[in-house]
Amino acid sequence: MTENLKKKYEAYTGKKINGEFRITPLKVTNKDKVITKFKGFIINAWSGIYELRGNPEVLDFAYRVGVGGRNSQGFGMFKII
């Protein structure tokens, strides 16, 4: 997940992520695994509650574009609780 975000951030801003970016699962069980098919591709995704830590600029970017892949289909998007 974080490698995808790093690539997106670098492509968009032209700079590397400054500091650490970390995603930690807080409340995730096997029931949170989602397997779906989209345009012939099988997608494995996870819902649940996670903690994201990092540079505020990078966290804002992650909130706007999502983490991971298939963001245009809604995967990797999150809400702040």
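The chain contains 2 helices and 4 strands, and, read from the N terminus, these elements follow one another in the order α-β-β-β-β-α. The model is a predicted one, and the points below take up the chain as a whole before turning to three places in it: a buried aspartate, a lysine with an unusual backbone angle, and a nonpolar patch on the surface.

**Overall dimensions and packing**

- Along its principal axes, the C-alpha trace of the chain spans about 35 × 30 × 20 Å.
- The chain has 81 residues, of which 20% count as buried.
- Where contacts join residues at least 6 apart in sequence, 52% of them link residues that are at least 24 apart.

**Surface and charge**

- About 6200 Å² of the chain is exposed, and carbon and sulfur atoms supply 53% of that area.
- The chain carries 15 positive and 7 negative charges, and the mean positions of these two sets are 9 Å apart.

**The buried residue D32**

- D32 is placed in the loop between β1, residues 21-27, and β2, residues 33-38.
- Although D32 is buried, it has no salt bridge, and the nearest side chain of opposite charge, that of K27, is 8.1 Å away; since a salt bridge requires a side-chain nitrogen of Lys or Arg within 4 Å of a carboxyl oxygen of Asp or Glu, the distance to K27 lies outside that cut-off.
- Leaving aside residues up to four places away in sequence, D32 touches K27, A45, W46, S47 and G48, so that K27 appears among the contacts of D32 even though D32 has no salt bridge.

**The backbone at K39**

- K39 is found in the loop between β2 and β3, the latter covering residues 41-46.
- The phi angle of K39 is positive, at about 50°, although K39 is not a glycine; most residues other than glycine have a negative phi.
- K39 counts as exposed because its relative accessible area is 70%, where the cut-off for exposed is over 50%.

**The nonpolar patch around I49**

- L26, I49 and I81 together make a nonpolar surface patch of about 330 Å².
- One of these patch residues, I49, belongs to strand β4, which covers residues 49-54.
- I49 counts as partly exposed because its relative accessibility is 34%, a value that falls between the limits of under 20% for buried and over 50% for exposed.

Terms used
Residues are numbered from 1 along each chain as its sequence is written. This is a predicted model: local features need pLDDT of at least 70, side-chain atom pairs count only at pLDDT 80 or more; totals for chains, interfaces and linings use all residues. Side-chain values use heavy atoms; hydrogens and water are left out. Patches are made of residues with over 30% relative accessible area and no salt bridge: like charges are joined within 9 Å, nonpolar side chains (Val, Leu, Ile, Met, Phe, Trp, Tyr) within 5 Å. Accessible areas come from the Shrake-Rupley method with a 1.4 Å probe; for residues, only the protein chains shown count as cover. Buried means under 20% relative accessible area, exposed over 50%, partly exposed in between (1.4 Å probe, protein chains only). Contact means heavy atoms within 4.5 Å. Lys and Arg count as positive and Asp and Glu as negative; His and the chain ends are not counted. The place of a charge is taken as NZ of Lys, CZ of Arg, CG of Asp or CD of Glu.
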